[in-house]
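Reader: Could you take me through one part of this model in some detail? I'd love to see how a pair of helices meets and what lies around them.

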Amino acid sequence: MSEETAFEAVSRLYQEFMELPFPPGLAGADRAGFDLVMLDSDTAAWIFIWIKNGGELETQGRGGLLRCIARLDRVIPVLSEADDPEYWHRLHEMARLVAAS
């Protein structure tokens with residue numbers, strides 16, 4: 001059996017991620033100066049666009065995704081268990097896979 005390509009892995013992870021509910025109690029929450037709803041939706045949108053475009057992002061999209069990764073890099077260390085850090089780690093992992101492709 002061959003190894004999963006980055007595109008296949010991100011597509012699978014994205015489908016799994018989209019089935020997860022947004023962490024309860026975080027609507028309107030701010031961590032490290034960033035609105036978590038916006039961070040979630042912006043990051044997921046760039047990943048979706050990458051998938052929709054067959055594994056490609058234009059310059060603007062790549063810049064947007066890299067900004068989201070930088071924000072996640074600041075947000076993740078300050079999350080508490082109540083913030084569902086696993087949710088944010090999944091989002092971060094997908095974003096990093098897309099950026100590395």
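Author: Happy to; what follows is a look at one helix pair and the core around it. Please keep in mind that this is a predicted model.

Let's start with helix α2, residues 36-52, and helix α3, residues 59-75. Their axes lie 9 Å apart, and the two helices pack at an angle of about 140 degrees. Because angles over 145 degrees would be needed for roughly antiparallel, that angle makes α2 oblique to α3. The crossing of α2 past α3 is left-handed.

Which residues make the contact? From α2 come Leu 36, Leu 39, Asp 42, Thr 43, Trp 46 and Ile 47. On the α3 side you will find Gln 60, Gly 61, Gly 64, Leu 65, Cys 68, Arg 71, Leu 72 and Val 75. By character, the residues of this contact are 8 nonpolar, 4 polar and 2 charged.

Two of these names come up again in the largest nonpolar core, which has 28 residues. Ile 47 and Leu 65, along with Trp 88, Leu 91 and Met 94, touch the most other members. Helices α1 (6-18), α2, α3 and α4 (85-100) each supply at least two residues of this core. In soluble globular proteins, nonpolar side chains tend to be buried together.

Leu 65 is a nice residue to zoom in on. Setting aside neighbours within four places in sequence, Leu 65 is in contact with Trp 46, Ile 47, Leu 57, Ala 95, Val 98 and Ala 99.

For another view of α4, try Glu 93, which is found in that helix. Glu 93 counts as partly exposed, because its relative accessibility is 39%.

Definitions and conventions: Residues numbered from 1 in each chain as written. Predicted model: local features only at pLDDT ≥ 70, side-chain atom pairs only at ≥ 80, totals over all residues. Heavy atoms only, no water. Axes fitted to C-alpha atoms, helices over the stretch in contact; angles between N-to-C directions. Helix = DSSP H or I, 4+ residues; strand = E, 2+ residues; numbered from the N terminus. Parallel < 35°, antiparallel > 145°, perpendicular 65-115°, else oblique. Left-handed = near helix turned anticlockwise from the far one by under 90°. Contact = heavy atoms within 4.5 Å. Nonpolar A, V, L, I, M, F, W, Y, C, P; charged D, E, K, R; others polar. Core = buried A, V, L, I, M, F, W, Y, C linked by side-chain atoms within 4.5 Å. Buried < 20%, exposed > 50% of the residue type's maximum accessible area, 1.4 Å probe, protein only.
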